[in-house]
Amino acid sequence: MKLQYVPSLLMLLLYIQIAPLAGHTANRVYKVLGGQSCVPHSQPWQASLINQKGIHQCGAVLISEKWALTAAHCLKSIPPWRSVTLLLGKYHIRSSEVTEQKVLVNRRIEHPKYDPEAVDHDLALLRLAKPARLSQYIQPIALPGHPAYPNQSCTISGWGLTEEGK
């Protein structure tokens with residue numbers, strides 16, 4: 001994706017309203033219930049944002065060869081002068097895999113209306129320093145051609161617990 005598409009992506013983000021599905025706010029706790037393990041590498045757009053120690057911090061989604069999307073709150077614990085790294089092509093988050101690519105991020109763009117107190121507009125774009133090498137294990141997600149409608153079923157992917165305490 002070329003740089004001139006950034007304003008279009010930001011405009012897209014201005015219209016996306018995503019309720020927090022994990023984490024907490026001051027008065028509420030949100031959880032994803034009924035999760036299950038997916039088929040290995042069936043979510044080739046799923047990425048792992050790792051901290052300076054190489055430990056998984058948050059999920060992200062590859063939206064093109066040069067851009068990923070994550071939650072803005074995931075970047076709050078990483079100072080702007082520190083590098084951000086994504087792991088692509090992962091299934092087993094705690095072990096190395098031959099399918100994985102480690103990619104540095106050279107630009108972070110938080111949603112202009114991100115409010116960390118209310119957790120509103122909790123989105124951030126990440127520009128990759130080099131284009132991802134696409135393969136059967138690493139693919140951008142296909143963005144929908146229309147907005148979701150109320151009560152529409154969807155799939156949420158990421159690394160986490162599938163049951164309480166497990």
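This passage walks through a central strand, the nonpolar cores and the salt bridges of a predicted model. Residues are numbered from 1 along each chain as its sequence is written, and side-chain values use heavy atoms, with hydrogens and water left out. Local features need pLDDT of at least 70 and side-chain atom pairs count only at pLDDT 80 or more, while totals for chains, interfaces and linings use all residues.

A good place to start is strand β6, residues 84–88 (strands are DSSP runs of E, at least two residues, numbered from the N terminus). In β6, 5 of 5 residues are buried (under 20% relative accessible area, with exposed over 50% and partly exposed in between; 1.4 Å probe, protein chains only). In a regular strand the side chains alternate between the two faces of the sheet. Here, Val-84, Leu-86 and Leu-88 lie on one side and Thr-85 and Leu-87 on the other, and both faces are covered. Strand β6 runs antiparallel to β3 (residues 46–50), with 4 bridges, and antiparallel to β7 (residues 101–110), with 5 bridges; strands pair if DSSP finds at least two bridges between them. Thr-85 is the bridge partner of Ile-50 and stands opposite Leu-104 in β7.

The largest nonpolar core has 22 residues (a core being a set of buried Ala, Val, Leu, Ile, Met, Phe, Trp, Tyr and Cys residues joined through side-chain atoms within 4.5 Å). Two or more residues each come from β3, β4 (56–62), β6, β7 and β8 (124–128). Leu-86, Leu-88 and Leu-128 are among those with the most contacts inside this core. Beyond its neighbours within four places in sequence, Leu-128 is in contact (heavy atoms within 4.5 Å) with residues including Leu-62, Trp-67, Leu-86 and Leu-104. Trp-67 itself belongs to a second, separate core of 7 residues, which also includes Val-61, Ile-63 and Leu-125.

Turning to charged side chains, the structure holds 3 salt bridges (a side-chain nitrogen of Lys or Arg within 4 Å of a carboxyl oxygen of Asp or Glu). Glu-110 pairs with Lys-76, the closest N and O atoms being 2.9 Å apart. Because Glu-110 lies in β7 and Lys-76 in the loop between β5 and β6, this pair ties together parts that are 34 residues apart in sequence. Lys-90, Glu-97 and Glu-100 are linked in a network: Lys-90 meets Glu-100 at 2.7 Å, N to O, and Glu-97 at 3.4 Å. Within the network, Lys-90 is buried at 7% relative accessibility and Glu-97 is buried at 13%, whereas Glu-100 is partly exposed at 24%.
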